[in-house]
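Colleague: I'd like to go through the ligand site and the empty spaces with you. Can you take me through the reasoning, term by term?

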Amino acid sequence: MSSTHTEPAPAKLNLFLHVTGRRDDGYHLLDSLVCFADCGDVITATARDDSELTLAITGPMAGDLGHGNIEDNLILRAARLLRAEGAVTQGADLTLEKNLPVASGIGGGSADAAATLRVLCRVWQLDIPTDALEKLALKLGADVPVCLHGKTVLMQGIGEKLIDLPELPSLSLVLVNPGKAVSTPEIFAARDAGFTDENLWDRTARFQSAATLAAALQDCRNDLTLPASGILPEICDVLNALAREDGCLLARMSGSGATCLAIYDTENQAERAANAIAESQPDWWVQATGIQTMQDRARAQIGASFPT
Ligand code: C5P
């Protein structure tokens with residue numbers, strides 16, 4: 001069997017994000033509907049004969065990651081943690097194909113860390129129980145467990161409590177990032193509103209269409225939009241640009257921003273909106289996409305990557 005494996009690291013989308021409280025350690029309690037796009041980064045890993053761990057970064061957004069110390073990259077931290085947990089002596093060569101904007105509210109680093117845990121379990125042939133892997137994931141960041149799970153869920157706690165939900169209808173989405181990174185801790189710290197009640201979302205609700213899902217989502221919001229747009233006003237421009245295109249059912253910021261998503265009534269309308277926005281704002285990152293379904297995940301388990 002080949003010792004090279006590839007794992008998709010799909011973009012994480014918060015269709016709503018309510019801040020419901022704050023723990024004594026400063027972390028915020030959340031209530032958030034999370035699903036995964038069918039675009040994202042890709043992690044490849046090959047086993048080494050020695051104990052070295054290496055990371056190479058390719059892809060259109062690779063340049064934006066070049067500034068920090070590569071040893072601090074969440075991918076290498078995930079690899080080191082897993083190696084200790086599994087008492088592995090072997091190393092690995094890892095490659096990140098960076099397609100998603102950095103520090104942008106769609107999970108980039110967290111999705112990469114989760115995909116690293118998954119791919120290295122295969123490369124090193126580890127059989128680590130799911131709850132132990134989830135604990136490792138949480139050590140790497142509050143969003144890493146949900147990315148490890150990789151399914152549509154209601155995410156609660158600081159990100160460790162994952163409640164499965166019925167499959168969502170297929171969605172025609174556009175993701176837009178204004179090309180500026182924002183700092184998650186800064187945005188949580190800038191929040192001065194009260195807390196939203198938890199459990200506002202009906203966990204049993206099944207939606208037959210994007211329109212009925214979008215209508216239910218209108219009763220929810222992203223509680224980080226106000227502090228994030230105070231720090232980066234371009235977020236309001238992005239939301240307005242998405243909302244004014246034909247067929248927009250909902251436009252909302254994801255995570256702590258600055259990426260925003262919009263749900264359109266048809267795939268054609270989403271494509272047209274993406275083209276129009278990309279043309280009028282050439283410096284913005286614009287991506288038309290769908291969300292991952294059960295069938296996509298089944299295909300991914302037998303080694304398929306993202307549709308091109
Ligand atoms: O866990 P992660 O490293 O992704 O979080 C970055 C920062 O965002 C935390 O240090 C914390 O300041 C803030 N945060 C929070 N509540 C969460 C997730 C993140 O306050 N649920």
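Modeller: Sure, starting with residue classes: Ala, Val, Leu, Ile, Met, Phe, Trp, Tyr, Cys and Pro count as nonpolar, Asp, Glu, Lys and Arg as charged, and the others, Gly among them, as polar. By that scheme the shell around the ligand divides into six nonpolar, four polar and no charged residues. Keep in mind that this is a predicted model.

Colleague: Which residues surround the ligand, and what makes a residue count as near?

Modeller: A residue is near if one of its heavy atoms lies within 4 Å of the molecule. The ligand is surrounded by Gly26, Tyr27, His28, Leu30, Gly141, Ala142, Ile158, Thr184, Pro185 and Phe188. Two elements, β2 (28-47) and α5 (184-190), each supply at least two residues of that shell. The largest share comes from α5, with three residues.

Colleague: Why is the approach of His28 to the ligand called a polar contact?

Modeller: The cut-off is a pair of N or O atoms within 3.5 Å. A polar side-chain atom of His28 lies 2.8 Å from an oxygen atom of the ligand, so the pair falls within the limit. Tyr27 qualifies too, because an N or O atom in its side chain is 3.2 Å from a ligand oxygen.

Colleague: What part of Ile158 meets the ligand?

Modeller: The backbone: a polar backbone atom of Ile158 is 3.2 Å from a nitrogen atom of the ligand. As for cover, the ligand taken alone exposes 450 Å², and the protein buries 72% of that.

Colleague: Which pocket does the ligand take up, and what volume does that pocket have?

Modeller: The space taken by the ligand is the largest pocket. Its volume is about 1,100 Å³. Among the 44 residues that line this pocket, the closest to its centre are Leu74, Ser110, Asp143, Thr184 and Pro185.

Colleague: Which element gives the most to the lining of the largest pocket?

Modeller: That's α2, with four residues. The elements that each supply at least two residues of the lining are β1 (4-22), β2, α1 (74-85), α2 (108-123), α3 (130-140) and α5. By class, the lining of the largest pocket has 19 nonpolar, 16 polar and nine charged residues.

Colleague: How many cavities does a search of the whole structure find, and what makes a space a cavity and not a pocket?

Modeller: In a cavity a 1.4 Å probe fits but cannot get out, whereas a pocket is open. The search finds one cavity of 30 Å³ or more. The largest cavity holds about 40 Å³ of space, so it passes that volume limit. Its lining is Leu165, Pro166, Leu168, Trp201, Asp202, Arg203, Ala205 and Phe207. By class, that lining has six nonpolar, no polar and two charged residues.

Colleague: Anything odd in the backbone?

Modeller: Gly257 and Ala258 are joined by a cis peptide bond, with omega at about 5°. Ala258 lies in the loop between β8 (248-253) and β9 (260-264). Then there's Ala87, which has a positive phi of about 50° although it is not a glycine. Ala87 sits in the loop between α1 and β4 (92-97).

Technical notes
Residues numbered from 1 in each chain as written. Predicted model: local features only at pLDDT ≥ 70, side-chain atom pairs only at ≥ 80, totals over all residues. Heavy atoms only, no water. Polar contact = N/O pair within 3.5 Å; in protein donor to acceptor, adjacent residues only side chain to side chain. Areas by Shrake-Rupley, 256 points an atom, 1.4 Å probe, with all protein chains shown as cover. 1 Å grid on protein atoms, 1.4 Å probe; cavity = no way out; pocket = protein on both sides within 12 Å on 5 of 7 lines; lining within 4 Å. Sits in = over half its atoms within 2 Å of the grid points.
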